[in-house]
Amino acid sequence: MPIELLTLLKFGFLGLLYLFVARTVRVFAAELAPARRTAASPAPRPAVAAPSEPNRRSRRIPKELVVHTPDGKPAVIPLSGHGVVLGRGPTADVLLDDVYVSDEHAEVLPDDGSWSVRVLGFTNGTFRIGAQVTRPSPLAVGEQVRVGKTRIEVRR
């Protein structure tokens with residue numbers, strides 16, 4: 001094989017290698033950028049109105065949360081007219097001793113006579129019925145929400 005062809009192949013391979021590295025760095029930067037912004041400035045909590053008048057389905061509206069920590073006994077949290085912030089930090093309403101939970105990880109808030117869960121600043125996810133919560137999602141009696149390694153049961 002002529003030396004010119006080998007040199008051309010060598011530079012072609014080197015170009016493909018640089019392209020691969022550049023794209024990999026770009027993907028990692030895009031994945032990490034939103035996490036840095038979220039951690040630096042947590043989303044402000046919206047003003048939440050009290051639940052509206054109960055309707056005929058009021059028997060199925062959640063009334064309490066049961067927090068099952070990985071190595072502790074369950075804690076019952078009553079749901080009243082205001083939201084409940086779940087997290088590890090001092091500003092959280094319900095303190096979770098879980099290394100996979102952010103300072104203000106998720107919030108359970110009133111939603112048109114029922115309750116919803118929404119994520120705040122997190123890196124390890126909030127899951128409802130096995131699917132990751134990315135926007136406010138309604139909660140039903142009997143459902144379970146997982147925040148880090150902590151399991152939260154929704155009860156009436």
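How many bridges pair strand 1 with strand 2, and in which sense do they run? The two strands pair in the antiparallel sense, over four bridges. Val66 is a handy residue to find on screen, since its bridge partner in strand 2 is Val76. Please keep in mind as you look around that this is a predicted model.

Let us step back to the whole chain. The protein chain holds one helix and 11 strands. Reading from the N terminus, the order of elements is α-β-β-β-β-β-β-β-β-β-β-β, with the helix ahead of the strands. Of the 156 residues in the protein chain, 32% are buried. Among contacts with a separation of 6 or more, 40% are between residues 24 or more positions apart.

Now to the sheets. Strands 1 and 2 belong to an open sheet of six strands, in the order 2-1-11-10-7-8, with antiparallel pairing. Strand 2 (75–78) and strand 8 (131–132) each have a single partner strand, so one side of each is left without a neighbour in the sheet.

Strand 10 is a good place to pause within this sheet. On one flank, strand 10 is joined by three bridges to strand 7 (residues 126–128), and the two run antiparallel. Here Arg128 stands opposite Val145 of strand 10. Strand 10 also pairs with strand 11, again in the antiparallel sense, over four bridges. In that pairing, Arg146 stands opposite Arg151 in strand 11. Strands 10 and 11 form a hairpin with two residues between the strands, and Gly148 takes a positive phi near 65° in this hairpin.

Which residues of strand 10 lie on its covered face, and which on its uncovered one? Val145 and Val147 make up the covered face, while Gln144 and Arg146 make up the uncovered one. A general point helps in reading this pattern: in a regular strand, side chains alternate between the two faces of the sheet.

There is another open sheet to visit. Five strands form it in the order 4-3-5-6-9, and the pairing is mixed. Its edge strands are strand 4 (94–95) and strand 9 (137–139), each of which pairs on one side only. Strand 9 pairs with strand 6 in the antiparallel sense over three bridges, and Ser116 has Pro138 in strand 9 as its bridge partner.

What about the interior? The largest nonpolar core has 21 residues, and the ones that touch the most other members are Leu65, Leu86, Val94, Leu96, Val108, Val147 and Ile152. Two or more residues come from each of strand 1 (64–68), strand 3 (84–87), strand 5 (106–111), strand 6 (114–119), strand 10 (144–147) and strand 11 (150–155). Strand 6 gives the most, with three residues.

Ile152 gives a view of this core from a single residue. Leaving aside residues up to four places away in sequence, Ile152 touches Leu65, Val66, Val67, Leu86, Glu143, Gln144, Val145 and Val147. Val66, the bridge partner of Val76, is thus met again here, among the contacts of Ile152.

Is there any empty space inside, and where should one look for it? Rolling a probe the size of a water molecule over the atoms shows where empty space is left. The count comes to one cavity of 30 Å³ or more, and the volume of the largest cavity is about 30 Å³. Its lining consists of Leu65, Leu86, Val108, Val117, Leu139, Val145 and Ile152. By class, that lining has seven nonpolar residues, with no polar and no charged ones.

Two loop residues round off the walk. Is Val101, in the loop between strand 4 and strand 5, buried or exposed? Val101 counts as buried because its relative accessibility is 2%, under the 20% cut-off. Not counting residues up to four places away in sequence, Val101 touches Gly87, Arg88, Leu96, Val147 and Gly148. Gly125 is 24 residues from Val101 along the chain, and their C-alpha atoms are separated by 8.4 Å.

Thr134 offers a contrast, in the loop between strand 8 and strand 9. Thr134 has a relative accessible area of 65% and is exposed. From Thr134 to Val117, the C-alpha to C-alpha distance is 9.8 Å, with their positions 17 residues apart in sequence.

Conventions:
Residues are numbered from 1 along each chain as its sequence is written. This is a predicted model: local features need pLDDT of at least 70, side-chain atom pairs count only at pLDDT 80 or more; totals for chains, interfaces and linings use all residues. Side-chain values use heavy atoms; hydrogens and water are left out. On a 1 Å grid over the protein atoms alone, a cavity is a set of points where a 1.4 Å probe fits but cannot get out, and a pocket is an open set with protein on both sides within 12 Å along at least five of seven lines; lining residues have an atom within 4 Å of a point. Grid points are joined across faces, edges and corners, and a volume is the space filled by probe spheres set on the points. Ala, Val, Leu, Ile, Met, Phe, Trp, Tyr, Cys and Pro count as nonpolar, Asp, Glu, Lys and Arg as charged, and the others, Gly among them, as polar. A nonpolar core is a set of buried Ala, Val, Leu, Ile, Met, Phe, Trp, Tyr and Cys residues joined through side-chain atoms within 4.5 Å. Buried means under 20% relative accessible area, exposed over 50%, partly exposed in between (1.4 Å probe, protein chains only). Contact means heavy atoms within 4.5 Å. Two strands pair if DSSP finds at least two bridges between them.
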